[in-house]
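Subject: Structure handover

Hello,

Here is the structure I promised you. Please open it alongside this email and follow along.

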Amino acid sequence: MNPTVPIDLPEWRALRTHREDMLATRLRDLFAADPERGPKMSFEAAGLYFDFSKNHADASTVRLLHDLARAAGLRERIDAMFAGDRINTTEDRSVLHVALRAPRDASIVVDGVDVVPGVHEVLDRCADFADRVRSGDWTGHTGARIRHVVNLGIGGSDLGPAMCVEALRHYADRDIDVRFVSNVDGTHLAEAVRDLDPAATLFVVCSKTFTTLETLANARSARDWLCAALGEDAVAKHFVAVSTNAEAVSAFGIDTANMFGFWDWVGGRYSVGSAVGLSLMLAIGPSGFREFLAGFRAMDEHFFTAPFPRNAPVVMGMLRVWYGSFLDCASHAVLPYDQYLARFPAYLQQLDMESNGKRVTREGTDVQWHTGAVVWGEPGTNGQHAFFQLLHQGTRIVPCDFLGFCRSLNPGGDHHDQLMANLFAQAEALAFGKSADDVRAEGVPEELVAHKTFPGNRPSTLILAEELTPRTLGCLIALYEHAVFVAGSVWNIHSFDQWGVELGKQLARRIAPELTAEAEPELAHDSSTNALIHRYRALRRGGA
């Protein structure tokens with residue numbers, strides 16, 4: 001039986017003691033003590049190169065972190081997830097996003113059923129549909145070729161495919177314009193369809209239950225927009241669904257032959273490799289999507305088989321435990337030095353914060369240690385002119401992940417060399433800083449020395465790949481999926497439920513009719529909410 005209180009483990013206590021040693025140790029000293037530290041703390045996995053040397057960790061830290069991982073039962077948790085055990089106990093479900101990218105000859109049994117054939121059956125149907133749309137065989141109601149695809153979803157049904165379509169735009173069919181609408185704010189849909197031709201537009205409604213409030217509100221408005229131009233009969237040729245609710249899909253007017261399902265053992269934020277990625281498949285084609293899944297699979301295999309000290313998701317996940325629970329770092333920055341990955345930090349916000357933003361253990365008791373961090377970031381070099389001031393000279397330590405590629409997909413001039421020079425320089429500057437003596441040696445007036453001193457000792461991990469390809473992107477996503485799982489396992493929290501999003505939804509369903517009721521409603525909220533509702537109603541009617 002795994003211990004349920006991590007802080008009671010002797011391995012946790014050993015890290016608490018070790019923390020005091022590391023607080024007095026600087027990265028500059030660690031590198032000076034070992035000239036080969038960089039290569040020694042770097043390795044390659046699934047085609048990605050990882051440099052962990054600029055982290056606040058020495059050999060003892062690494063050993064103690066892996067001791068904690070083993071004591072917390074990480075190996076057993078990994079085996080249970082890959083085996084299809086119901087490790088999501090609050091929802092009584094398996095956690096099998098790894099099955100979405102399993103090869104055809106694999107076998108993963110859940111409740112006596114091998115789920116792999118079903119996964120490939122859906123992927124094959126998606127591929128057939130994508131080929132028909134991309135070739136022009138599938139046309140709209142008037143016979144016009146589909147030139148616009150609008151994905152209607154929210155959360156994992158939006159962030160994943162939206163990020164991936166942007167990330168892989170270089171590989172996309174530019175004759176198909178793929179857009180995404182998620183916000184229930186009507187402006188999002190209005191602006192997305194403003195310049196589109198209804199006869200050439202296909203909507204992908206992405207909602208497992210076909211009841212998601214925001215998605216269905218947007219779907220109904222999109223349907224109205226289409227029908228106003230083409231009539232009710234056009235719906236079946238301009239809407240498809242990623243859902244499992246055949247009755248609701250049919251009632252909407254979508255032919256269930258054009259409904260693509262997925263499973264309750266796939267959480268939304270882990271679902272981009274399923275039919276949820278249909279919009280991505282329409283953009284890059286089935287062969288590109290298969291390459292994308294191959295990247296996931298390569299990282300899955302590495303995670304499952306590599307020893308912990310050279311297991312990239314394990315190392316990254318344990319560093320999150322180290323920084324969050326022992327060094328009190330409240331946030332984590334992800335900084336991709338590639339404009340195509342502009343949405344990657346936003347995608348990781350949901351993946352990490354919805355998974356590990358938990359305050360109770362798997363047994364339902366209050367945690368007594370910090371869990372998930374606030375994840376944020378922007379692509380380089382934009383971030384350097386926005387928030388790097390805080391990273392370099394602020395009072396808060398923010399561990400950073402730098403992501404870079406050795407070859408640009410858009411080579412020209414010296415742009416890429418300048419970009420990568422900035423990436424390497426920022427990691428170096430954060431780690432080693434610039435001392436007051438170095439500043440004085442440059443002839444800086446004494447009154448400015450403190451302002452121009454960089455303390456350094458700011459940790460970062462650098463991930464380097466050859467080129468941004470569908471396979472590379474799949475590898476990166478799987479890397480972070482598994483790192484989140486590693487940290488959650490050691491923290492003894494559930495990384496696969498998200499009850500924290502429910503309360504606001506429940507209250508919104510209560511408030512919505514109060515905003516539009518003809519008669520003044522009797523309100524029973526707090527005084528602030530009551531006053532806000534009254535004011536909204538008055539101004540909505542045009543009064544004061």
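Two strands are said to pair if DSSP finds at least two bridges between them. Keep that in mind for strand β7 below. Note also that this is a predicted model.

**Strand β7 and its partners**

Start with Val205, which stands opposite Ala241 in β8. Strand β8 covers residues 239-242, and 4 bridges join β7 to β8. These two strands run parallel. Strand β5 (residues 148-152) also pairs with β7 in the parallel sense, over 5 bridges. Here Asn151 has Val204 of β7 as its bridge partner.

Is β7 open to the outside or enclosed? Of its 6 residues (201-206), 6 are buried, so the strand is largely enclosed by the rest of the structure. Both faces are covered. Thr201, Phe203 and Val205 are buried on one side. Leu202, Val204 and Cys206 are buried on the other.

**The open sheet**

Next, look at the sheet of 6 strands. The order is β1-β2-β13-β12-β10-β11, the sheet is open, and the pairing is mixed. The edge strands are β1 (42-45) and β11 (374-376), each pairing on one side only. From one strand to the next, the twist averages 20 degrees.

Helix α16 (residues 415-432) lies across two strands, β12 (400-405) and β13 (460-465). The helix runs at about 155 degrees to β12.

**The β1-β2 hairpin**

β1 and β2 form a hairpin with 2 residues between them. In the turn, Ala46 has a positive phi of about 55 degrees. Strand β2 spans residues 48-51 and runs antiparallel to β1, with 4 bridges joining the two. Ala45 stands opposite Leu48 in β2. Phe43 stands opposite Phe50, also in β2.

Phe43 and Phe50 form an aromatic pair as well. A pair of aromatic rings is described by the distance of the centres and the angle of the planes. For Phe43 and Phe50, the centres are 6.0 Å apart and the planes differ by 35 degrees, so the pair counts as tilted rather than stacked (under 30 degrees) or edge-to-face (over 60). Both residues are buried.

**Other aromatic rings**

The count of aromatic pairs comes to 26. One aromatic cluster is formed by Phe82, Tyr270, Phe303, Phe304, Phe485 and Phe496.

Charged side chains sit over rings too. Arg37 lies over the face of Phe31, 5.4 Å from the ring centre. The charged end of Arg223 is over the ring of Phe252, at 5.6 Å from its centre.

**Val314**

Val314 is in helix α13 (residues 312-326). With a relative accessible area of 0%, Val314 is buried. Which residues touch Val314, leaving aside neighbours within four places in sequence? They are His66, Leu74, Phe303, Phe308 and Val486. Phe303 belongs to the aromatic cluster as well. Val314 and Leu65 are 249 residues apart along the chain, and their C-alpha atoms are separated by 9.7 Å.

**Salt bridges**

Side chains of opposite charge can pair when their charged atoms come close. The structure holds 30 salt bridges. Three of them are worth a look.

- Arg101 and Asp300: the closest N and O atoms are 2.7 Å apart. Arg101 lies in the loop between α5 (74-83) and β3 (109-110), and Asp300 is in helix α12 (residues 278-305), so the pair ties together parts that are 199 residues apart in sequence. Both residues are buried.
- Arg70 and Asp67: the closest N and O atoms are 3.1 Å apart. The two are 3 residues apart in helix α4 (residues 59-71), which means they are separated by about one helical turn. Arg70 is partly exposed at 46% relative accessible area. Asp67 is partly exposed too, at 25%.
- Arg19 and Glu20: their side chains meet at 2.8 Å, N to O. Arg19 counts as buried because its relative accessibility is 14%, under the 20% cut-off. Glu20 counts as partly exposed at 46%. Together with Asp328, Arg19 and Glu20 are linked in a network of salt bridges.

Over to you.

Best wishes

Methods. Residues numbered from 1 in each chain as written. Predicted model: local features only at pLDDT ≥ 70, side-chain atom pairs only at ≥ 80, totals over all residues. Heavy atoms only, no water. Buried < 20%, exposed > 50% of the residue type's maximum accessible area, 1.4 Å probe, protein only. Contact = heavy atoms within 4.5 Å. Axes fitted to C-alpha atoms, helices over the stretch in contact; angles between N-to-C directions. Phe/Tyr/Trp six-rings, centres within 6.5 Å; stacked < 30°, edge-to-face > 60°. Lys NZ or Arg CZ within 6 Å of the ring centre and 35° of its normal. Salt bridge = Lys/Arg side-chain N within 4 Å of Asp/Glu carboxyl O.
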